[in-house]
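Reader: Before I rely on any of the terms used for this model, I would like to see how each one is justified.

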Amino acid sequence: MEENNEKVLRTAVITGASRGIGRAIAIKLAKSGINVVIGYAGNSEKALETSNLCIEEARKNGFEIETLTCQADISTQEGASELINASLDKFGRIDILVNNAGRTMDNLLLRMDEEHFDKVIDTNLKGAFLCCQLVARTMMKQRFGRIINISSVVGLHGNAGQANYAASKAGLIGLTKSIAKELGAKGITCNAVAPGFINTDMTKVMTEDAKKGLMSTIPMKRAGEGSDIANAVAFLASEESSYITGQVLGVDGGMGC
Ligand code: NAP
């Protein structure tokens with residue numbers, strides 16, 4: 001990207017980038033010379049690790065990027081504002097927002113308490129809404145923006161024991177399509193990626209039996225890796241995807257087809 005004949009590096013904010021899928025996305029974007037903001041909830045050590053990996057991997061590809069690690073609970077207005085303001089203070093622009101931070105608090109419908117329902121919705125859905133709202137003006141001024149929301153195959157098909165999580169991920173799809181319609185004319189695209197079963201801390205806690213059962217539903221017969229999701233996100237974050245908006249891209253080895 002060039003402005004007044006000077007090369008300006010793009011900036012991406014990735015929520016939940018200390019580990020798992022978010023980390024893989026941060027590294028992938030850094031590798032193509034994008035400055036990255038690594039949002040996280042509390043795991044400072046892991047966030048710093050992600051930051052070092054991003055700088056290292058970018059350097060291997062010939063880029064000198066800058067990173068920012070920012071601890072902020074995006075489920076609150078205060079936390080989301082802290083993340084976006086800190087990013088703007090450091091980089092002066094936000095070109096890409098990846099709403100990736102997420103959590104599960106599984107239980108069957110009859111046993112799920114209100115607090116666990118609210119916590120999951122607040123992090124996975126409200127957090128994404130708040131971050132989108134906070135970056136929208138900046139992206140409109142830039143007349144460029146890429147918003148990518150990390151939904152889930154579960155948001156499309158539902159899952160027993162995950163009413164709160166599935167509702168949050170289905171909500172993200174509605175949010176994505178609405179934003180695409182509102183901001184398309186301003187050069188801003190908004191898409192969702194719906195991962196299937198990906199090897200991260202989130203899925204590590206599953207029993208071997210549950211994993212086996214799930215594996216039998218995946219046509220490609222393997223779990224995905226963070227890099228599988230990161231590759232899709234990198235495309236949706238690029239200039240090449242400029243005519244794609246309001247879409248949900250399944251990255252699930254065929255699980256949701
Ligand atoms: P993960 O390994 O559990 O990592 C979660 C990340 O979110 C961490 O960086 C965590 O920060 C951050 N986070 C959690 N709550 C937060 C909050 N309130 N504010 C800010 N950051 C917060 O998860 P993952 O498996 O990589 O999943 C990433 C996304 O993909 C999630 O939205 C998840 O729902 C979605 N997804 C995952 C799968 C899968 O199979 N893994 C499948 C479909 C969709 P700390 O490290 O500081 O705690």
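Reader: Which residue of strand 5 does I38 stand opposite?

Author: I38 stands opposite T69 in strand 5. The model is predicted, so local features need pLDDT of at least 70 and side-chain atom pairs pLDDT 80 or more, while totals for chains, interfaces and linings use all residues. Residues are numbered from 1 along each chain as its sequence is written, and side-chain values use heavy atoms, without hydrogens and water.

Reader: What makes strand 4 and strand 5 a pair?

Author: Pairing requires at least two bridges found by DSSP between two strands, a strand being a DSSP run of E with at least two residues and a helix a run of H or I with at least four, numbered from the N terminus. Strand 4 (residues 35-40) and strand 5 (residues 67-71) have five bridges in the parallel sense, and therefore they count as paired.

Reader: How do you know that the backbone of N100 makes a polar contact with the ligand?

Author: A polar contact is a pair of N or O atoms within 3.5 Å. A polar backbone atom of N100 is 2.7 Å from an oxygen atom of the ligand, so this pair qualifies. A backbone N or O atom of I74 likewise lies 3.2 Å from a ligand nitrogen atom.

Reader: Why are S18 and R19 counted among the residues around the ligand?

Author: A residue is counted because one of its heavy atoms lies within 4 Å of the molecule. The ligand is surrounded by 30 residues, and S18 and R19 are among the closest.

How values were computed
A polar contact is a pair of N or O atoms within 3.5 Å; within protein, one must be able to donate a hydrogen and the other to accept it, and residues adjacent in sequence count only if both atoms are side-chain atoms.
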